[in-house]
Amino acid sequence: MMALSEKPTLVSPPLSGSEKNRSALLTLLAVLAVIFFILDIMLGSVAIPFREVFKIIFLHESDNQAWLFIIEKIRVPKALTAVLVGCGLSVSGLQMQTLFRNPLAGPSELGITAGAGLGVAAVMLAGGSSASIYAISQLGIPGSWLIIAMASLGSALVLSLILLIAARIRDNVILLIVGVMIGTITLSIISIWQYFSQPEQLQEYIMWTFGSLGGVTRYHLYVLSAVVIFGLLLAYSASKSLNALLLGENYARSMGLSIGRTRLIIMASTSLLTGSITAFCGPIGFIGIAIPHITRSLLGTANHRVLIPGTCLMGTVLMLVCDIIAQLPGTQTVIPINVVTSLLGAPVVIWIIISRNNLRSSFS
């Protein structure tokens, strides 16, 4: 029996592959993130040369005032939003997959994104036309905090319900089905709300559900950055506990881990990340479920101290690529970002299901 004076030590799962290769892959992902960040700023309906992009970003000057406005007011905030979305949703998915030990868990699949949508619907549809997303954006930072608080509250309520059910149901497949059903119930409540709402409110809400990185204003970006960075720090602070959870709750508890405290930290982090991103960018699917699996396959490790930075970089690269595709360089057309992530993410999910026997080894 372990003596009370002894401080239990949580061990990390054994690593596979060499640390040198992992460092090289992380460096490559960081370089790709920088390259695609610059491309995302350069490309669009108007192509802007790299030299002008460099001058505007670092010297805040350009002979072309239209390019100065486009880069400073539109493209840089949109590219930064893509980085925040890629980091936040991918880390949320990673935490859900580890907490429920289920390779198909993610914010969208467990109904957490739908919960955030319910919070946003409460703000946009319940308060009459004066509470539309446009009116909220005019309130600046206070309005931003309001919509983030409601979306995070909706996420936390759904996640709390799933955790309560998880305490009684140990089968991961059944738990996933329960999560899908809770998400369906949440969406049904939103549909009833929509049915009794005014047409002008509906139009704005439906546009929000398509997902967009371009609607985040400068004030929104300040608030969104602060919340996402705090959520990511919470997630990283729990990385050692996430490693222990991979070995099972009973084993983690025997090693001295407080399961209740760990669940609370993971729930707070996931709610903040999913809620804040969904509030400003709409529901964005497949990033939360696909990125953690791609990162695990590339890095060949289950250590969350490596996986969390890795998923952030991979999520950033993929979201920037999706944003470049969505704005169709050289045309005036912009495709909803949710459509692009679904087209790229769905094949990954199919691959996850086909190779599920191998994936289970990451959670056992």
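Hi everyone, let me start with a definition: a residue is buried when its relative accessible area is under 20%, exposed when over 50%, and partly exposed in between, with a 1.4 Å probe and protein chains only. By that rule G179 is buried, with a relative accessible area of 0%. I'll come back to G179 in a moment.

First, the ground rules. What you see is a predicted model, where local features need pLDDT of at least 70, side-chain atom pairs count only at pLDDT 80 or more, and totals for chains, interfaces and linings use all residues. Residues are numbered from 1 along each chain as its sequence is written, and side-chain values use heavy atoms, with hydrogens and water left out.

Now the overall picture. How many helices and strands does the protein have? There are 16 helices and 0 strands; both come from DSSP runs numbered from the N terminus, with H or I over at least four residues for a helix and E over at least two for a strand. Of the 364 residues, 50% count as buried. The accessible surface comes to about 17,000 Å², and 69% of that belongs to carbon and sulfur atoms; these areas come from the Shrake-Rupley method with a 1.4 Å probe, and for residues only the protein chains shown count as cover. When I say contact, I mean heavy atoms within 4.5 Å. Taking contacts between residues at least 6 apart in sequence, 78% join residues at least 24 apart.

Next, the record. An unreviewed UniProt entry places the feature "transmembrane region" at several stretches, including residues 264–294 and 306–326. UniProt positions are in the numbering used here, feature names are shortened, and annotations may be inferred rather than shown by experiment. In the model, residues 306–326 are 100% helix and 0% strand, with the end C-alpha atoms 30 Å apart. Residues 264–294 are 84% helix and 0% strand, and their end C-alpha atoms lie 27 Å apart. Within that numbering, look at F286, in the loop between α12 (259–281) and α13 (287–299). F286 has a positive phi of about 75° although it is not a glycine, and at 23% relative accessibility it counts as partly exposed.

Let's go to the N-terminal helices. At what angle do α1 and α2 pack? Helix α1 (residues 19–42) and helix α2 (residues 50–59) pack at about 100°, with their axes 10 Å apart. That makes α1 roughly perpendicular to α2. For the fine print, axes are lines fitted to C-alpha atoms, for helices over the stretch in contact, and angles run from 0 to 180 degrees between N-to-C directions. Under 35 degrees counts as roughly parallel, over 145 as roughly antiparallel, 65 to 115 as roughly perpendicular, and the rest as oblique. On the α1 side we have I38, I41 and M42, meeting F50, V53 and I57 from α2. By class, this contact has 6 nonpolar, no polar and no charged residues. Here Ala, Val, Leu, Ile, Met, Phe, Trp, Tyr, Cys and Pro are nonpolar, Asp, Glu, Lys and Arg are charged, and the others, Gly among them, are polar.

Just after α2 comes the loop that leads to α3 (65–100), and H60 is found there. H60 has a positive phi of about 55° although it is not a glycine. Is H60 buried or exposed? At 55% relative accessibility, H60 counts as exposed. S62 lies in that loop between α2 and α3 too, but S62 is buried, with a relative accessible area of 10%. S62 touches E52, I56 and L68, not counting residues up to four places away in sequence. The C-alpha atoms of S62 and E52 are separated by 6.7 Å, with their positions 10 residues apart along the chain.

Now back to G179, in helix α7 (residues 172–195). Leaving aside neighbours within four places in sequence, G179 is in contact with E109, L110, G111 and I162.

Two last stops. L221, in helix α9 (residues 218–237), counts as buried at 11% relative accessibility. Which residues does L221 touch, not counting those up to four places away in sequence? They are P77, L80, T81, L84 and V216. L221 and L80 are 141 residues apart along the chain, yet their C-alpha atoms are separated by 8.2 Å. And G248, in the loop between α10 (239–245) and α11 (249–254), is buried at 7%. Thanks for listening!
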